[in-house]
Amino acid sequence: MNYDQIISQKIQNIKPSGIRKFFDILEEMTDAISLGIGEPDFVTPWHIRDAGIYSLERGHTKYTSNAGMLELRREIANYLRRRFDLEYDYTNQILVTVGGSEAIDLAIRVLVNPGDEVIIPVPSFVCYGPLTEMAGGVPVYVELTAENGFRLTPEQLKAAITPRTKALVLPFPSNPTGGIMERRDLEAIAQVLKDNDIMVISDEIYAELTYGQRHVSPANLTQLYDRTVVVNGFSKSHAMTGWRMGYVCAPQPVIAAMTKLHQFGIMSAPTTSQYAAIEAMRSGDEDIAHMREEYDSRRRYLVENLNRIGLDCFEPKGAFYVFPCIRSSGLSSDEFCERFLREEKVAVIPGTAFGPGGEGYVRACYASSMRDLTESISRLDNFLQNLRRKQGQDG
Ligand SMILES: Cc1ncc(COP(=O)(O)O)c(C=O)c1O
């Protein structure tokens, strides 16, 4: 069999994720520290796990309704109102998905016709471009800069729009930069969008993890509500990555289209996880606050110490990543990560894995223990000093 001819050309054209290579090297090492994976180091809070277990004990092992249990959707609507002032009708504007990942895939597939363009600010989470390509669309990357706080400016958006533009992804708070969009930033975006039908796919998976200010969704702006698809989930906010629970909220016709696709591809999100998610929505606010506080102190520690040892680091305002500039090392992002891992046994991810505009940066996840973070800083200091010494000898 010639599988190169058998496997779809579209998937063959897609580059594998740049993150994988480092995990392959990491696997060979025993005492390495990984700041590579973007997932909470906390275990799901006990009362949430218990709700999942109890549902199994009661024998709730069947499919649920395609859109997700009504009770869960009601709790999601209550939560969104309570936490973010967002108003969605739980009977027809919310779909429960397999992680935020499925929600992003569905949103792109129901909106994009072949040849449609999707504007994607980068550096950002790795899936938007490949999923756009799989839907037959064309990703249009817009490079964000540290000077602008890794925000999307109205000028950048205006320059990227063409008659083929179908959707704009707003990936804030951002993985990997930690950048956010404040209300006035979104108002400027709304102004640019007002005379056309471009949809907004707002990936708000880190909405609970902002430091110093409350998250604002584009759907909070009346001008944007009707064109916004809000993606969210439980992975980051409630430390529930393995439960694969997410949801998406949008105008009713968009949710109906997404539900159709979800029904054929998935049937319904995992039932045990839905029971756990009900508990998370009802009684999880204090857990979130506790985890946020922890992340915040680690964030402040890292920013301060990265700058101290000579790497310029933008102060992230959300999510749980730092994105320091490594240009002063004289290495490319890839070289930096590979050498740092081989020489000091700490894994961080090259900025280039997150799209154009990531060269010169690396991403480190601070959802790791303070012990690992302090040890990583000390190894990084060592690494940079050795580099400077060698560069001094060569020069
Ligand atoms: C920005 C962003 N969106 C979505 C996801 C997907 O999360 P999940 O599918 O676990 O909900 C991630 C995971 O890292 C992410 O960083």
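1. The seven-stranded sheet. In this predicted model, 7 strands form an open sheet. Their order is S2-S8-S7-S6-S5-S3-S4, and the pairing is mixed. Strand S2 (94–97) and strand S4 (138–143) are the edge strands. Each of these two pairs on one side only. From one strand to the next, the twist averages 20°.

2. Strands S5 and S6. Look next at strand S5 (residues 165–170) and strand S6 (residues 199–203). They run parallel, and 4 bridges join them. Which residue of S6 is the bridge partner of Leu168? The partner is Val200. Val169, in turn, stands opposite Ile201 in S6.

3. The setting of S6. Is S6 enclosed or open to the outside? Buried residues make up 5 of the 5 in this strand, so S6 is largely enclosed by the rest of the structure. The cut-off matters here: a residue counts as buried when its relative accessible area is under 20%. The side chains of S6 split between two directions. Met199, Ile201 and Asp203 point one way. Val200 and Ser202 point the other way. Residues on both sides are buried.

4. The three-stranded sheet. There is also an open sheet of 3 strands, in the order S9-S12-S11. Its pairing is antiparallel. The edge strands are S9 (321–322) and S11 (349–350), and each pairs on one side only. S9 and strand S12 (residues 362–365) run antiparallel and are joined by 2 bridges. To find this contact on the model, start at Val322: its bridge partner in S12 is Ala364.

5. Helix H6. This helix covers residues 99–111, which makes 13 residues. From its first C-alpha to its last it reaches 19 Å. That is close to the 18 Å expected at 1.5 Å a residue. How many of its residues are buried? The count is 10 of the 13, so H6 is largely enclosed by the rest of the structure. Among the buried residues are Gly99 and Gly100 at the start of the list, and Leu111. Charged residues are included too: Glu102 and Asp105 are buried in H6.

6. A nonpolar patch. Some nonpolar residues lie on the surface. Met1, Tyr3, Ile6, Ile7, Ile11 and Met134 form a nonpolar patch there. Together they have about 640 Å² of accessible area. Take Ile7 as one member of the patch. Ile7 sits in the loop between helix H1 (3–6) and helix H2 (9–13). Its relative accessibility is 41%, so Ile7 counts as partly exposed.

7. Salt bridges, and one between two helices. Side chains of opposite charge can pair when their charged atoms come close. The structure holds 23 salt bridges. One of them joins Arg282 to Glu75, with the closest N and O atoms 3.0 Å apart. Arg282 lies in helix H12 (residues 271–283) and Glu75 in helix H5 (residues 70–84), so this pair ties together parts that are 207 residues apart in sequence. Are the two partners buried or exposed? Arg282 is partly exposed, at 43% relative accessibility. Glu75 is buried, at 10%.

8. A salt bridge within helix H13. Asp296 forms a salt bridge with Arg299. Their closest N and O atoms are 2.8 Å apart. Both residues lie in helix H13 (residues 285–308). They are 3 residues apart, about one turn of the helix. Asp296 has a relative accessible area of 17%, so it is buried. Arg299 is buried as well, at 5% relative accessibility.

9. A salt bridge within helix H14. Glu338 pairs with Arg342 in a salt bridge, the closest N and O atoms being 3.7 Å apart. Helix H14 (residues 333–344) holds both residues. Here the spacing is 4 residues, again about one turn of the helix. Glu338 is partly exposed, with a relative accessible area of 26%. Arg342 is also partly exposed, at 48%.

10. A network of charges. Salt bridges can also be linked to one another, as the next group shows. Arg151, Glu182, Arg184 and Asp185 are linked in a network of salt bridges. Find these four residues on the model and trace how the network links them.

Definitions and conventions. Residues numbered from 1 in each chain as written. Predicted model: local features only at pLDDT ≥ 70, side-chain atom pairs only at ≥ 80, totals over all residues. Heavy atoms only, no water. Pairing = 2+ DSSP bridges. Expected span 1.5 Å × (residues − 1). Buried < 20%, exposed > 50% of the residue type's maximum accessible area, 1.4 Å probe, protein only. Patch = residues over 30% accessible without salt bridge, like charges linked within 9 Å, V, L, I, M, F, W, Y side chains within 5 Å. Areas by Shrake-Rupley, 256 points an atom, 1.4 Å probe, with all protein chains shown as cover. Salt bridge = Lys/Arg side-chain N within 4 Å of Asp/Glu carboxyl O. Axes fitted to C-alpha atoms, helices over the stretch in contact; angles between N-to-C directions.
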